[in-house]
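Let's take a walk through this fold together. Have the model open and follow along as we go from confidence to sheets to individual side chains.

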Amino acid sequence: MEYPKVLVISNNSCSKTSNNGRTLGNLFIGWPKDRLAQFCVSTTTPDYEVCDNYYLMTDRSALDGFLHLRKGKRCRIEDNLGTEGNTSINGKKQSKTPLKRLVRHFVWSGKRWNSKEFQKWINDFNPEVVLVMNSDATFILDIATEVTSKRNIPLVMFNTEGFYFIDAIKHRNYGPLKIALQKCNNYIYRKHFRRMMKKVKLSIHLNSLLARNFRNEFGGEHIVLYTGSGVQFDSSNLHIEKPSFAYMGNFGFDRPQALVEIADVLQSINPSYMLDVYGKAPTEKVVQLFNECPGISYHGMIPYEKVINILHSTTILIHAEVQSERYEDSLRYGFSTKIADSISSGHPFLMFSSSEMAGAKYIIDTGAAWFAQNKTELKDAILTILSDEVERSRVLGVARSVAEKNHSIEKNRETFVNAINSVFEQNQLK
């Protein structure tokens, strides 16, 4: 099997501890490290087992270059750990307001990244394929477009988001100024994205909804590659007689409100039923909300190793999204990385959300888990899982088959390698 030299360009580094980093890193497990390099703007802790050639340039470095009328400098990984999701120029994670998005665009403009040090790093590595992870940052798209154009090498897009189709204005309480700024952002982003897509030879999407919409909009070659999971299928230790319920993940898009609804339903079934919630609360207000909810037991952030233990010891694993018009566009393409792990675990998985989400459509279409879009359906699903052994076994059987078909790291890796090789070989024949 051949392995072209691939340059990855993305917001987050490959990582074992972050969702995007793990999704990206899983694709390259087994890829020779001397044939892989990555440019990124933030990192938790890089996965050095997958890649050891990183070029990190943070927003702060770009701002420093902007203020001093020069290019941004390469940053030391060790000095910038824990910066995943860094979209602020002061190094702290902040909300992405229309003004901040626009400021970030202009800070990075003028090819702020394109220093002599960057060019030397590119030349030393000498990539044969560029893979860009779709981003809401225009400069990420620009770097991918520039490198692939200058070096006449193929560009592959790995896509987990529908940024291009989201206007970020609908259902928001924006005044005239914010609306004008966001319209400006939308125009700039779509212009840069369309320019990049003219160079993209293959788009690899996280789910079928993304693939369908991007194929309809841009044409070209598109494939679906679901998130892989290394979780072993094990249906033992369900302890139905004394059930437990768990949510693990982040709390964006007002998700805590949906978790409170789930807790209320659990309490209505049995006052002893509690929803165990794991994740890093973004504010003290969220912690207070959890603490004041009698049906929630909040445990805070846990390492991924413990996540595996919880997957194999919880009766019902739950994922939830709030159903609000404000977030319907942003959540439409949502496909949590926990879906792959939960389906692969061998334990019942229940999703509580709108049926219009990509993740919900996947659950409904495959039948690999339970789905509920209101409290009545949620209660019925929980009672079915706990009391109907035949139905529980049937759905878990479907889950095993779906996990083997769509979420095998080995199968997905083989598909991914073959796809990259095909793009590389087609370019060589020109």
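What follows starts with how far to trust the model, then turns to its sheets, its salt bridges and one asparagine.

This is a predicted model, in which local features need pLDDT of at least 70 and side-chain atom pairs count only at pLDDT 80 or more, while totals for chains, interfaces and linings use all residues. Residues are numbered from 1 along each chain as its sequence is written, and side-chain values use heavy atoms, with hydrogens and water left out. As for pLDDT, that's the predictor's confidence in each residue, from 0 to 100. The chain has a mean pLDDT of 93, with 95% of its residues at 70 or more. Be wary of residues 85-92, though: pLDDT stays under 50 there. For that stretch the model has 22 contacts beyond four places in sequence, a contact being heavy atoms within 4.5 Å.

Now for the sheets. Helices (H or I, at least four residues) and strands (E, at least two) are DSSP runs, numbered from the N terminus, and two strands pair if DSSP finds at least two bridges between them. One open sheet has seven strands, paired in parallel in the order β3-β2-β1-β4-β5-β6-β7. At its edges stand β3 (54-56) and β7 (222-224), each with a single partner strand, so one side of each has no neighbour in the sheet. On average, neighbouring strands here are turned by 20° against each other, direction ignored. Look at β6 (residues 200-205): three bridges join it to β7, and H205 stands opposite V224 in β7. Helix α4 (residues 116-125) lies across β1 (6-9), β2 (36-40) and β3, running at about 160° to β2. For such angles, axes are lines fitted to C-alpha atoms, for helices over the stretch in contact, and the angles run from 0 to 180 degrees between N-to-C directions.

There's also an open sheet of six parallel-paired strands, ordered β10-β9-β8-β11-β12-β13. Its edge strands, β10 (296-300) and β13 (370-372), each pair on one side only, and the average turn between neighbouring strands is 25°, direction ignored. Four bridges join β9 (residues 275-278) to β10, with Y298 in β10 as the bridge partner of V277. Packing on this sheet is helix α10 (residues 304-311), which touches β8 (245-248), β9 and β11 (316-320) and makes about 150° with the direction of β8.

On to charges. A salt bridge here is a side-chain nitrogen of Lys or Arg within 4 Å of a carboxyl oxygen of Asp or Glu, and the count comes to 17. One of them pairs R104 with D59, the closest N and O atoms being 2.9 Å apart. R104 belongs to helix α3 (residues 98-108) and D59 to helix α2 (residues 59-67), so the pair ties together parts 45 residues apart in sequence. Are these two buried or exposed? R104 counts as buried because its relative accessibility is 8%, and D59 counts as buried at 1%; buried means under 20% relative accessible area, exposed over 50%, partly exposed in between (1.4 Å probe, protein chains only). In another salt bridge, D64 meets R70 with closest N and O atoms 2.3 Å apart. There, D64 is partly exposed at 31%, and R70 is partly exposed at 27%.

Finally, find N412 in helix α16 (residues 409-428). N412 counts as buried, with 9% relative accessibility. Leaving aside neighbours within four places in sequence, N412 is in contact with L225, Y226, T227, G228, N406 and H407.
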